[in-house]
Amino acid sequence: GPLVRDPDLLPVLRKVEAGERLGFDDGLRLFRSPDLLGIGRMAAAANERKNGDRVCFILNKHINPTNRCVAFCDLCAFGVHPSKAPNAYTLRIDEIVGQVERLREMGVTEVHMVGGMVKDVALDFFLELLPRMKAAYPELHIKAFTAIEIDIYARWAKLSHDEVLRRLVEAGLGSMPGGGAEIFDPEIRAILCDHKCDAATWLSVHRTAHGLGLRSNATMLYGHIEEPRHRVDHMLRLRELQDETGGFMTFIPLAFHPENTRLAARYGLRGGTTGFDDLRTVAAGRLLLDNFDHIKAYWIMMSPAVAQLALAFGVDDIDGTVQEEKIVHEAGASSPQLLSQEEIVRLVRRAGKTPVRRDTLYNVLAVL
Ligand code: V47
C-alpha cells in the first residue's frame, strides 16, 4: 500500500523521497496529521538509511550531586530551595568517587552527571571532583553539565564559557548532555524556566563546546504548554547549529511529567504525554533533523514499552541502564529506576532489531 494515507503529508513524502530537506511548514504537517503510521514509515525509512537495523544502548549511571538549586524552574520537581528545603541533599566528593569505583566491574562506561545549581557545587567543586573520578576509573567517560550549568558557573567565576569548558575538559570532562534546552521560544521559555539562560546562550555554549572538540546532545521538552510551531522552531534551530558545527550526536525528545511541578499546578496540566504524541515526536525529530545521526527514545520518560515502539518510528538509540534516575521520578514517572542489559536487549530483539552496546561517542563495543 501507499507509504502515507493522509494527502496533507504528500508534500512531505515527495521531499523525503527526493532527499530534500523539510521546512517549517512540513514540520507542522507532521504534527497535524492523524496518519501516525505514515509518519512513522517515513521516519523508519530515514533511520534505516543511516543506521540499518541497529539499535544502540549504553551501560551508564546517572549521578546528581545535589538537588539544591538557585533556579526555581516551574517545570522541575527535582530542584529544592538551597537552604530551606528539608529534603535537600548534597553528595560529598568522596561519596561520588566511591560510587564511581564500583562501576568498572559492572561494565558501566559512562557517568551522566547533572544537578542543581548552587555556588558550593560549581566550578571549583567539579575541578576537584573530575580528576578524582578519573583517578578512580581512568577509562570512565564523564558526560556532564548542561549548557545552563556551564553558563552559570562561568558567570559565578567571571570566566568565559570557553575558559570554563577548557578547565573542565582538562579535569576530565568527556562530553556534554543535552539538557536545559526545554523549548527555545522565548515566550514559552519564560513560563517554563524563567531562570535559565536563553536559547541563544544555550546554543552558544554548545557551539563553543563543539569548537573545543567536545561532542554533545540536544533535547526538547514537550507535552506541556507548547504548540506544534514551538516544537518545529526548536528543532530547526538545532538543525541550524548542527549545520554549522556537526558537533551534536543525538536528539532526545523529553516527555514532560507534570506531577509535583508548579507548571502543572498553574496550568492545570494532568496526565503527561500520550503514546501517540511520543511516537509522532520522535518520528518528526528523525525527519526534520536530517543532519543528526541518532534519535534517542529515553525510556525513563517514555516508558520502556513506548520506547520499544519508537524503534519502529525512526529511533536508533534507547539510552541505557541509567540507574537511579531522580529528575522525572520526582515528577511522577512510573518507569523503573534502571533496566538491565538483558532487558534492553530483549526489548530491541523483540522489535526485530539488532542490539549494539556503544560507548558515549557511538563507537560500537559489542554487537549482541
Ligand atoms: O533539561 C526536568 C527535563 C532534563 C522534568 O544528553 C523534565 O544523553 C520531564 O537532559 N518532566 C534533564 N522532564 C534530562 C536530560 C537528559 C536525559 C537523558 C539523556 C540525556 C543525554 C539528557 O530533564 C531537563 C528537563 O528538560 N525535566 N523536569 C519533568 N517534570
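Start by selecting lysine 296 and the ligand: in this predicted model, an N or O atom in the lysine 296 side chain is 2.8 Å from an oxygen atom of the ligand. Keep the ligand on screen and add glycine 178, where a backbone N or O atom lies 2.8 Å from a ligand oxygen. Glycine 179 comes next; here too the backbone is what to look at, with an N or O atom 3.3 Å from an oxygen atom of the ligand. While you're there, switch on a surface: the ligand by itself would expose 620 Å², and the protein buries 96% of that.

Now widen the selection to the whole shell. You should pick up 25 residues around the ligand, and the closest are Lys143, Gly178, Gly180, Glu182 and His257. Colour the shell by class and you get 13 nonpolar, 8 polar and 4 charged residues. If you have cavities displayed, look for the largest one, since that's where the ligand sits. Then show the cartoon and pick strands S6 (215-222) and S7 (248-255), each of which supplies at least two residues of the shell.

Those strands lead us into the sheet. Select S2 through S8: these 7 strands make an open sheet, in the order S2-S3-S4-S5-S6-S7-S8, with parallel pairing. Strand S2 (60-63) and strand S8 (294-295) stand at the edges with a single partner strand each, so one side of each has no neighbour in the sheet.

Let's walk across part of it, pair by pair.

- S4 and S5: select residues 141-144 and 173-176, which pair in the parallel sense over 2 bridges. Zoom in on isoleucine 142, whose bridge partner in S5 is leucine 173.
- S5 and S6: this parallel pair is also joined over 2 bridges. Pick methionine 176 and you'll find serine 216 as its bridge partner in S6.
- S7 and S8: again parallel, again 2 bridges. Threonine 250 is the residue to click, with histidine 294 of S8 standing opposite.

If you turn on side chains along the way, here's a rule of thumb: in a regular strand they alternate between the two faces of the sheet.

Last stop: the hairpin. Which strands form it, and how many residues lie between them? Select S10 and S11, which have 5 residues between them. Strand S10 covers residues 354-358 and strand S11 covers 364-367, and they pair in the antiparallel sense over 3 bridges. Click arginine 358 to find its bridge partner in S11, valine 364. Before you leave, check tyrosine 362 in the turn: its phi is positive, at about 70°.

Definitions and conventions:
Residues are numbered from 1 along each chain as its sequence is written. This is a predicted model: local features need pLDDT of at least 70, side-chain atom pairs count only at pLDDT 80 or more; totals for chains, interfaces and linings use all residues. Side-chain values use heavy atoms; hydrogens and water are left out. A residue is near a molecule or strand if one of its heavy atoms lies within 4 Å of it. A polar contact is a pair of N or O atoms within 3.5 Å; within protein, one must be able to donate a hydrogen and the other to accept it, and residues adjacent in sequence count only if both atoms are side-chain atoms. Accessible areas come from the Shrake-Rupley method with a 1.4 Å probe; for residues, only the protein chains shown count as cover. On a 1 Å grid over the protein atoms alone, a cavity is a set of points where a 1.4 Å probe fits but cannot get out, and a pocket is an open set with protein on both sides within 12 Å along at least five of seven lines; lining residues have an atom within 4 Å of a point. A molecule sits in a cavity or pocket if more than half of its atoms lie within 2 Å of its grid points. Helices (H or I, at least four residues) and strands (E, at least two) are DSSP runs, numbered from the N terminus. Ala, Val, Leu, Ile, Met, Phe, Trp, Tyr, Cys and Pro count as nonpolar, Asp, Glu, Lys and Arg as charged, and the others, Gly among them, as polar. Two strands pair if DSSP finds at least two bridges between them.
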